[in-house]
Amino acid sequence: MLNRRQTLQGLVAATGLAATAASAKDRCIAFTPEAQQAKTPAEALKRLQEGNARFVAGEALHCDLLEQVRSTAQQQAPFAAVLGCIDSRVPPELVFDQNIGDMFVARIAGNIASTDIIGSLEFATALAGAKLIVVLGHSECGAVKGAIDNARLGSLTGVLQQIRPALKALDYKGVPSSKDKALVQRVAERNAKDAAAHLTGRSPTMAGLVREGKLRIVYAMHDVATGKVSWFG
Ligand SMILES: [Zn+2]
């Protein structure tokens with residue numbers, strides 16, 4: 001027989017579990033335009049920070065993706081956008097524990113803010129209403145290593161040349177090499193910071209949204225060894 005105290009404890013625990021399940025279920029509801037517009041850039045950032053914390057803790061939501069497909073069939077209203085690298089170890093939806101209809105994701109080697117990427121993010125923000133852009137660099141980035149070594153290969157050469165200014169900005173003494181792990185990390189961080197700056201520097205549209213407080217742009221670094229994202233800016 002349970003005594004009164006044990007029964008109460010059981011009730012409190014069950015209620016807590018139910019509340020956790022309910023909020024997890026809430027977070028699986030696909031964004032509507034109303035929900036998107038009700039989010040501030042700060043809330044959008046918090047949502048991604050919480051998502052990465054769940055991912056790292058092994059507590060991803062595992063939403064019903066087919067239900068989300070059904071509920072986004074007629075419209076999408078993502079609250080955020082990510083500019084990330086093509087690296088197979090850094091899929092933004094998984095890293096931030098987000099799902100269908102939550103985020104626009106633009107991926108390009110070295111997460112550079114090239115003209116076409118900027119155009120895509122102008123769509124994501126000015127036309128489609130996303131409140132936050134995260135430029136997501138990462139450790140052990142092959143594109144950054146290629147840029148440091150001044151690698152050349154077909155059209156990739158032009159991509160890597162857009163990362164080179166991040167190396168030059170560090171004023172590195174000596175012969176830069178991708179074997180220098182600390183240098184690779186520093187260039188990757190600087191490159192993500194530069195890309196975030198380019199989004200407003202090269203886009204009067206996004207600069208205007210930031211000025212009006214409708215958009216926030218930050219950069220972050222993903223650690224491929226842990227899955228953890230560190231935030232900057
Ligand atoms: Zn990369």
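Which residue takes a positive phi in the hairpin of S4 and S5? In this predicted model, that residue is glycine 227, whose phi is near 85° in a hairpin that has six residues between its two strands. The hairpin belongs to an open sheet of five strands with mixed pairing, and the points below treat the sheet, the hairpin and the helices in turn.

**The sheet**
- The five strands follow the order S2-S1-S3-S4-S5, and the twist from one strand to the next averages 25°.
- Strand S2 (103-107) and strand S5 stand at the edges, and because each has a single partner strand, one side of each is left without a neighbour in the sheet.

**The hairpin of S4 and S5**
- Strand S4, covering residues 216-222, runs antiparallel to strand S5, covering residues 229-232, and four bridges join the two.
- Across this pairing, tyrosine 219 stands opposite phenylalanine 232 in S5, while alanine 220 stands opposite tryptophan 231 in S5.

**Helices lying across the strands**
- Helix H6, made up of residues 115-127, lies across S2 as well as strand S1 (80-84) and strand S3 (132-138), and its direction makes an angle of about 165° with S1.
- Helix H10, made up of residues 181-201, lies across S1, S3, S4 and S5, and runs at about 165° to S4.
- Both strands of the hairpin, S4 and S5, are thus among those that helix H10 lies across.

Terms used:
Residues are numbered from 1 along each chain as its sequence is written. This is a predicted model: local features need pLDDT of at least 70, side-chain atom pairs count only at pLDDT 80 or more; totals for chains, interfaces and linings use all residues. Two strands pair if DSSP finds at least two bridges between them. Axes are lines fitted to C-alpha atoms, for helices over the stretch in contact, and angles run from 0 to 180 degrees between N-to-C directions. Two residues are in contact if their C-beta atoms, placed from the backbone, lie within 7 Å.
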